[in-house]
Amino acid sequence: MKYPVVPAALLFLLFSGFAGLNAHDGATGIVKERMVLMKDIGAGMKKVRDMIRGKAAFDAAAIVTVGDRIAAHGKKVPDLFPPGTVSDITRAAPGIHRDWTGFTALSDRMRLAASDLAAAARSGDRKAVGNAFRALGKTCSACHRDFRRK
């Protein structure tokens, strides 16, 4: 017996977390601003990852743009997490304000790693780009591990 396509697709969306994404729909102000910024960082990382993996054409200029953009975002991150803005509507963990020094240190590391990525791309050295990208990814992973709800 074949399963109806529409109900199966709806069940997939429901159980895959699609419904949870709607929690962000109520975000406004600085919370919405930081969500948009984080989505932009994620999109940039995916773009570079696809180039490194050969899924997209390697474009050093585009990688420079991504690196510079993430570095600029890194400067803004601490200001986008004022006390009182961590709630159920966000994936930000309450631990951000308990370990503010650690959180801002990771933001600085992200900014520096993104600048290193841009510099590597400017050099045209693909191996250096890959290494810089992995270093940047580690800063993202560390912050998500310590300061983002599961």
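Here is a quick tour of the chain as a whole and then of its largest pocket.

**The chain overall**

Keep in mind that you're looking at a predicted model. The protein chain is built with seven helices and zero strands, so if you trace the sequence from start to finish, the pattern reads α-α-α-α-α-α-α. There are 150 residues in the chain, and 35% of them count as buried. As for who touches whom, take the contacts with a separation of 6 or more: 72% of these are between residues 24 or more positions apart. On the outside, the accessible surface adds up to about 9300 Å², and carbon and sulfur atoms own 60% of that.

**The largest pocket**

Now for the largest pocket, which has a volume of about 730 Å³. Its lining is made of 25 residues, and the ones closest to the centre are Met38, Lys39, Arg91, His144 and Arg148.

What classes of residue make up that lining? Here's the breakdown:

| Class of lining residue | Number in the largest pocket |
|---|---|
| Nonpolar | 15 residues |
| Polar | six residues |
| Charged | four residues |

Which helix gives the most to the lining of the largest pocket? That's helix 3, with seven residues. Helix 3 covers residues 29-52, and it shares the job with helix 6 (100-123) and helix 7 (126-147): each of these supplies at least two residues of the lining.

Definitions and conventions:
Residues are numbered from 1 along each chain as its sequence is written. This is a predicted model: local features need pLDDT of at least 70, side-chain atom pairs count only at pLDDT 80 or more; totals for chains, interfaces and linings use all residues. Side-chain values use heavy atoms; hydrogens and water are left out. On a 1 Å grid over the protein atoms alone, a cavity is a set of points where a 1.4 Å probe fits but cannot get out, and a pocket is an open set with protein on both sides within 12 Å along at least five of seven lines; lining residues have an atom within 4 Å of a point. Grid points are joined across faces, edges and corners, and a volume is the space filled by probe spheres set on the points. Helices (H or I, at least four residues) and strands (E, at least two) are DSSP runs, numbered from the N terminus. Ala, Val, Leu, Ile, Met, Phe, Trp, Tyr, Cys and Pro count as nonpolar, Asp, Glu, Lys and Arg as charged, and the others, Gly among them, as polar. Buried means under 20% relative accessible area, exposed over 50%, partly exposed in between (1.4 Å probe, protein chains only). Contact means heavy atoms within 4.5 Å. Accessible areas come from the Shrake-Rupley method with a 1.4 Å probe; for residues, only the protein chains shown count as cover.
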